[in-house]
Amino acid sequence: MTASQAIYVSRLGRGSLGFAALVAAVLAGICIGETPIPVSIVLQTLANKIFGSAYVLDPIDMGIIWNYRLPRAIIAACCGSGLAISGMALQSLLRNALADPYLLGISAGASTGAVAVAVAGLGAGAISMSLGAFVGAVAAFALVAILARAAGGGVTSHGTGQIVLAGIAESQLFNALTSFIITKSANAEQARGIMFWLLGNLSGARWPDVWLAVPIALVGLAACIWYARALDAFAFGSESASSLGVPVRRVQVVLIGFTALVTAVMVSIVGSIGFVGLVIPHAARFLVGVRHGRLGPATALIGAVFLITADVLSRTIVPGQVLPIGVITALVGAPAFAVILIRGRGAP
């Protein structure tokens with residue numbers, strides 16, 4: 001076996017292992033819950049629904065599996081994948097290990113846009129929550145970029161630390177706007193539901209959300225794979241990338257646009273979930289290296305498995321209660337954030 005064949009077999013093996021991990025996570029997300037369901041029942045239900053088999057099953061179990069837990073697991077996978085890919089792209093473009101949609105205010109802006117549509121009636125019903133979230137996400141990042149540039153940083157400069165500080169400031173601003181909109185326009189029952197949703201909530205995930213989340217997650221992944229070589233070049237700085245023939249401004253606009261789109265759609269479906277885009281890309285780099293041709297798919301896969309696992313924990317860690325999924329991701333992400341800060345203290 002030649003060296004190239006050995007590398008191909010190794011990659012195929014890693015890919016198969018990753019796919020098996022994703023399938024196992026989805027099955028766990030379907031089987032585990034307040035009412036445990038055996039794997040055999042899950043597989044028979046899927047066979048009935050997808051292939052038209054005729055297994056005799058309890059209609060209640062079939063309804064739980066097909067209408068509730070399966071779409072929930074798929075949306076968790078899409079959300080984890082999309083947010084992780086967004087974080088990877090931002091970290092590469094900005095050359096900052098702490099960049100992610102949550103810390104840069106993109107998630108907060110998307111939340112404000114979604115709440116403005118859903119609660120305050122912005123657009124008078126003519127625009128969807130996803131579109132409102134997208135407008136909010138783009139506005140948030142635009143304000144972050146303007147503030148960072150005014151402070152002497154910016155997307156194309158070496159001092160991208162300012163953009164993280166600007167993102168934290170803008171997150172507080174948009175979180176305050178979201179709270180103001182809820183306080184002014186929502187009744188007590190709406191306010192409770194929205195505040196729970198803002199911390200990350202997959203309880204309302206249904207098939208119409210799947211048809212939105214899946215293509216958006218795939219488009220985000222495809223964009224990062226398409227620009228994998230350009231993202232590799234950004235590792236040496238935007239000036240070096242430009243000297244290598246990379247259309248720097250176009251790549252930045254396209255990828256930041258896709259990042260805003262993916263984040264906005266996921267936030268409009270499940271709320272604002274922090275730390276996924278921060279932690280998962282670093283875990284993927286540790287496993288597969290920094291080349292984005294491999295890093296992109298690995299980041300998407302690990303993000304999907306991670307968020308499905310977090311969702312399972314959110315339903316089982318406290319008996320009889322469902323925690324917001326953002327609580328689980330924060331419990332993992334906050335210590336990881338501290339580790340990244342400590343490891344990067346000597347970085348420029």
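1. Let's start with helix α4, which covers residues 106–118 of this predicted model. At 1.5 Å a residue, its 13 residues should span 18 Å, and the C-alpha atoms at its ends are indeed 18 Å apart, so expectation and model agree.

2. Is α4 mostly covered or mostly open? Mostly covered: twelve of its 13 residues are buried. If you would like to find them in the viewer, the buried residues are I106, S107, A108, G109, A110, S111, T112, G113, A114, V115, A116 and V117.

3. Next, a look at the surface. L143, I146, L173 and L177 make up a nonpolar patch there, and together they have about 340 Å² of accessible area. Two helices build this patch, α5 (129–150) and α6 (161–185), with at least two residues coming from each.

4. One member of that patch deserves its own line. L173 sits in helix α6. Its relative accessible area is 41%, and partly exposed means between 20% and 50%, so L173 belongs to that class.

5. Q172 is also a residue of helix α6. With a relative accessibility of 54%, Q172 passes the 50% cut-off and therefore counts as exposed. Along the chain, Q172 and G105 are 67 residues apart, yet in the model their C-alpha atoms are separated by 8.1 Å.

6. Now for the cysteines, in case you are wondering how many disulfides there are. The answer is zero, after a search of the whole structure. C78 is in no disulfide, and the nearest cysteine sulfur, belonging to C79, lies 8.7 Å away. A disulfide would need the two sulfur atoms within 2.5 Å.

7. How covered are these cysteines? C78 has a relative accessibility of 10%, which is under the 20% limit, so C78 is buried. C31, at 9% relative accessibility, counts as buried because the same 20% limit applies.

8. Finally, helix α7 (residues 188–198) is worth viewing down its axis. Its buried residues are A191, I194, W197 and L198. Seen that way, they fall within an arc of 130°, so they line one face of the helix. The face turned away from this buried side carries the exposed residues A188, E189 and R192.

9. One last backbone detail: G200 follows α7, and its phi is positive, near 100°.

Notes: Residues are numbered from 1 along each chain as its sequence is written. This is a predicted model: local features need pLDDT of at least 70, side-chain atom pairs count only at pLDDT 80 or more; totals for chains, interfaces and linings use all residues. Side-chain values use heavy atoms; hydrogens and water are left out. Helices (H or I, at least four residues) and strands (E, at least two) are DSSP runs, numbered from the N terminus. The expected span of a helix is 1.5 Å times one less than its number of residues. Buried means under 20% relative accessible area, exposed over 50%, partly exposed in between (1.4 Å probe, protein chains only). Patches are made of residues with over 30% relative accessible area and no salt bridge: like charges are joined within 9 Å, nonpolar side chains (Val, Leu, Ile, Met, Phe, Trp, Tyr) within 5 Å. Accessible areas come from the Shrake-Rupley method with a 1.4 Å probe; for residues, only the protein chains shown count as cover. A salt bridge is a side-chain nitrogen of Lys or Arg within 4 Å of a carboxyl oxygen of Asp or Glu. The arc is that of the directions from the helix axis to the C-beta atoms.
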